[in-house]
Amino acid sequence: MCYLENSNAFSDLVQRGTHAAFRDLEERFPLQSRKLSSRLNTVCSSLAHWAPVLAEAAYMPSLVFPFLLIFGPDELASLEAAMTVYMYWGISWHAAHPNVPLHLLTMFVDIVTLYEPKIVAHCAKYDVSVGVLCWQMLSTMFSEVCSRSVWLKVMDKLFTDFTHLSQVVLMVVAILREVRGVLLLADTQDKVVQSVRSQQSVNMNNVLGFLKDMKANTPEKYFLALT
């Protein structure tokens with residue numbers, strides 16, 4: 001299924017046209033720019049043609065969108081970036097399709113409980129699963145919680161350090177720990193959820209500090225679901 005760096009294969013995907021799953025994309029993910037909306041449709045449709053299970057991934061537009069902003073009219077580059085995310089980190093994301101990946105949710109809960117039990121307790125108070133919050137950040141590759149400048153730094157760290165599959169998991173937890181102040185002040189279910197679904201003040205130095213500490217101190221048993 002690898003079409004990376006293959007313009008002929010990309011052309012084949014594009015020629016298949018708008019995938020049925022994205023015919024109403026403009027309504028679900030409205031953008032002011034028609035050109036940007038068209039590019040989003042092209043890349044999302046190409047991904048769905050490439051891997052049919054992605055046609056049912058509601059998060060896909062949020063994952064693809066920031067890559068479009070970075071690569072501009074180069075739709076192939078945006079597609080390849082999204083493919084890289086799925087091929088390296090997302091192989092098991094649809095293991096329980098159409099349900100969320102329970103193995104990842106359980107792993108997130110365990111790791112957050114290890115480092116931030118107050119976050120787990122606060123979320124439980126408002127009937128919110130920490131695992132689902134983390135999955136929301138992962139499946140959209142941090143595009144909702146991070147500003148553009150921070151998102152670029154996050155992606156730079158992830159794409160230049162593929163040493164462990166656990167890296168992206170710990171990045172999720174690190175950002176959750178960084179926004180804990182906003183999250184712990186949230187006093188409704190909706191506000192708790194929005195703490196990771198709207199841009200927050202994220203200090204990348206703090207995030208990297210959390211990441212380094214957790215990489216050194218998180219027992220391997222917490223990552224068994226990734227093997």
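**Exercise 1. State which residues lie nearest the centre of the largest pocket, and describe its lining.**

Solution. The largest pocket has 18 lining residues, and Glu56, Ala57, Ala58, Tyr59 and Trp135 are the ones nearest its centre. On a 1 Å grid over the protein atoms alone, a pocket is an open set of points with protein on both sides within 12 Å along at least five of seven lines, where a 1.4 Å probe fits, and lining residues have an atom within 4 Å of a point.

This is a predicted model, in which local features need pLDDT of at least 70 and side-chain atom pairs count only at pLDDT 80 or more, while totals for chains, interfaces and linings use all residues. Residues are numbered from 1 along each chain as its sequence is written, and side-chain values use heavy atoms, with hydrogens and water left out.

Next, the volume: the largest pocket holds about 290 Å³ of space, a volume being the space filled by probe spheres set on the grid points.

Then the classes: the lining has 8 nonpolar, 7 polar and 3 charged residues. Here Ala, Val, Leu, Ile, Met, Phe, Trp, Tyr, Cys and Pro count as nonpolar, Asp, Glu, Lys and Arg as charged, and the others, Gly among them, as polar.

Last, the helices: α8 (residues 130–139) contributes the most to this lining, with 3 residues. Helices are DSSP runs (H or I, at least four residues), numbered from the N terminus.

**Exercise 2. Find which parts of the chain the salt bridge between Glu116 and Arg177 ties together.**

Solution. A salt bridge is a side-chain nitrogen of Lys or Arg within 4 Å of a carboxyl oxygen of Asp or Glu. The side chains of Glu116 and Arg177 satisfy this at 3.1 Å, N to O. Glu116 sits in the loop between α6 (102–115) and α7 (117–125) and Arg177 in helix α10 (residues 166–178), so the pair ties together parts 61 residues apart in sequence.

Now the accessibility. Glu116 has a relative accessible area of 9% and is buried; Arg177, with 11%, is buried. Buried means under 20% relative accessible area, exposed over 50%, and partly exposed in between (1.4 Å probe, protein chains only).

Finally, the neighbours: a network of salt bridges links Glu116, Arg177 and Arg180.

**Exercise 3. Give the number of salt bridges in the whole structure, and classify the partners in Arg28–Asp24 and Lys191–Asp187 as buried or exposed.**

Solution. The whole structure has 6 salt bridges. One of them joins the side chains of Arg28 and Asp24 at 3.0 Å, N to O. Arg28 is partly exposed at 42%, and Asp24 is partly exposed at 31%.

In the bridge between Lys191 and Asp187, the closest N and O atoms are 3.3 Å apart. Lys191 counts as partly exposed at 47%, as does Asp187 at 44%.

**Exercise 4. Identify the residues that make the nonpolar surface patch of about 290 Å², and the helix that gives the most to this patch.**

Solution. Leu69, Ile70, Phe71 and Leu152 make the patch. Patch residues have over 30% relative accessible area and no salt bridge; nonpolar side chains (Val, Leu, Ile, Met, Phe, Trp, Tyr) are joined within 5 Å, like charges within 9 Å.

Helix α4 (residues 60–71) gives the most, with 3 residues. Leu152 is located in helix α9 (residues 148–159), and its relative accessibility of 35% makes Leu152 partly exposed.

Pro61 is in helix α4 as well, but Pro61 is buried at 3% relative accessibility.

Conventions
Accessible areas come from the Shrake-Rupley method with a 1.4 Å probe; for residues, only the protein chains shown count as cover. Helices (H or I, at least four residues) and strands (E, at least two) are DSSP runs, numbered from the N terminus.
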